[in-house]
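Trainee: Could you take me through one part of this model closely, namely the surroundings of the ligand, and then relate that part to the rest of the fold?

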Amino acid sequence: MSEPDAGTEPLLRIGQLSEQTGVEVSTLRTWEARYGVPSPLRTGGGQRRYEPGEINRVRAMRRFSEAGYQASEAARLVKATWPAADASSLPVDRNDIASLLTEGDLDALRMMDDLVAKLPVEDVIDDVIAPIMREVGERWAKGALSVAEEHAASALVGSWLGAQVRGVPPPLSRTLIVTAAPQGERHELGLAMFGLFLRRQGVHVVHLGSDLPGQDIALIAERKKAGAVCLSGTTDLGARGMRDTIERLRALEPRIPIAVAGEWAINQSWSEDVAVLSSSFREAGATLIDLATRHTYTVPARSG
Ligand code: B12
């Protein structure tokens, strides 16, 4: 019988997973068959083996179920917030940070700083902070979390992102990217996270924030000779502002590449001159930097 590759950590049998999580073996089998959590590897003989990260996913599944979520909904949340491959490598429990954030407790920031000392900040954002904010949204939408708790978490995450930006060395490249969320759209944390990714790639970022009139965005883009403008639209509340901003940017001479991102924007159809970025910050960063670098104004060479 061949064992699946266990990497450096031993794989668990279903009984061990049950012991570690307090969830009965029969329930684990049902969750797996119906909802895909946990997700086993199989030995050559077809027996289940679980990566250690599955412990966190099953515990999260149990917590959501105990909190009153239907199992299907709990599994959806677990899949969204605990991607299988990443959970095992996190040196902290994400739920601890989430609880501290929603209480407005500064210890959350200290835990996030500790994580950044061990992992790339990109991983901390992708695997911890963005999922926490999405979970905050789910819980708020279900009435399990108050607006005050969501605001507390947003404020702390915003201040932490600001501190991370201040730690980035000055940009090496002359490429400058303007980021903004148009009028009507107040969600800006995703855009701010993305700005940090871009800055860490060595580009200048002028982050204008949210709820901005199109003419102001276009004015700054022109004045700064931006290599590209990245507009974020999380909800349809910024739809009109987004279209207005794109029109104003299109009117600039010379033209500046325009990209859109964010949950709402990437699900709309845009004309060919608007680049639709991936929801992965890493992929979106690569696309946008490429776009902006190819466009960037060059300083004319001096003759004589
Ligand atoms: C914090 C928050 C707020 C804060 C924002 C504070 C701030 N400074 O940004 C405030 C209080 C302002 C707010 C207000 C509202 N919110 Co709100 N909010 C959230 C929450 C909890 C977190 C947002 C966040 O930072 N997410 C982190 C990012 C990284 O995650 P993400 O949005 O899923 O982004 C992914 C991709 O889209 C992409 N991405 C996102 N942005 C960008 C940008 C770039 C450039 C790139 C490349 C990629 C990218 O990366 C992520 C990885 O996949 C979300 C929940 C959620 N699911 O996100 C709700 C959520 C977005 N809000 C929601 C709602 C309904 C509202 C309000 C209408 C509530 C109300 N009745 O007032 C208002 C609208 C205000 C407005 N005019 O825009 C809904 C939207 C539903 C919908 N699809 O329309 C959500 C999904 C909550 C929910 N589950 O119902 N909100």
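Mentor: Before any angle is quoted, note that axes here are lines fitted to C-alpha atoms, for helices over the stretch in contact, and that angles run from 0 to 180 degrees between N-to-C directions. With that convention, in what is a predicted model, the axes of helix α6 (residues 94-102) and helix α7 (residues 107-118) come within 8 Å and cross at roughly 145 degrees. The residues of this contact divide into six nonpolar, no polar and two charged, and the partners are Asp96, Ile97, Leu100 and Leu101 on the α6 side, which meet Asp107, Ala108, Met111 and Met112 on the α7 side.

Turning to the ligand, the shell around the ligand holds 33 residues, of which Gly137, Leu189, Gly190, Ala261 and Ala284 come nearest. The elements that contribute two or more residues to this shell are α8 (121-141), α9 (147-166), α10 (189-200), β5 (228-232) and α13 (281-295), and among these α8 gives the most, with eight residues. By residue class, the shell divides into 15 nonpolar, eleven polar and seven charged.

The shell also has to be read against the division of the chain, which is split into domain 1 (53-164) and domain 2 (171-295), since each of domain 1 and domain 2 supplies at least three residues to the surroundings of the ligand. The centres of domain 1 and domain 2, taken over C-alpha atoms, are separated by 27 Å, and eleven residues of domain 1 are in contact with eight residues of domain 2. On the side of domain 1 that touches domain 2, the elements giving two or more residues are α8 and α9, with α8 giving the most, six residues; the residues of that side divide into six nonpolar, three polar and two charged. Helix α8 is thus named twice, as the element that gives the most to the shell around the ligand and as the one that gives the most to the side of domain 1 that touches domain 2.

Strand β5, one of the elements that give two or more residues to the shell, belongs to an open sheet of five strands with the order β4-β3-β5-β6-β7 and parallel pairing. In this sheet β4 (204-207) and β7 (274-276) stand at the edges, each with a single partner strand, so one side of each is left without a neighbour in the sheet. Neighbouring strands are turned by 25 degrees against each other on average, direction ignored.

Within the sheet, β5 and strand β6 (residues 258-261) pair in the parallel sense over four bridges, and Leu231 stands opposite Val260 in β6. Helix α10, another contributor to the shell, lies across β3 (176-180), β4, β5 and β6, and runs at about 165 degrees to β4. Helix α11 (residues 214-223) also packs on the sheet, where it touches β3, β4 and β5, and its direction makes about 170 degrees with that of β3.

Finally, the loop between β7 and α13 contains Ser279. Ser279 has 13 other C-beta atoms within 10 Å, and because a residue counts as exposed at 12 or fewer and as buried at 20 or more, Ser279 is classed as partly exposed. Ser279 and Val229 are 50 residues apart in sequence, and 16 Å apart in space when taken C-alpha to C-alpha.

Methods:
Residues numbered from 1 in each chain as written. Predicted model: local features only at pLDDT ≥ 70, side-chain atom pairs only at ≥ 80, totals over all residues. Near = placed C-beta within 6 Å. Nonpolar A, V, L, I, M, F, W, Y, C, P; charged D, E, K, R; others polar. Domains from an automatic or database assignment. Contact = placed C-beta atoms within 7 Å. Pairing = 2+ DSSP bridges.
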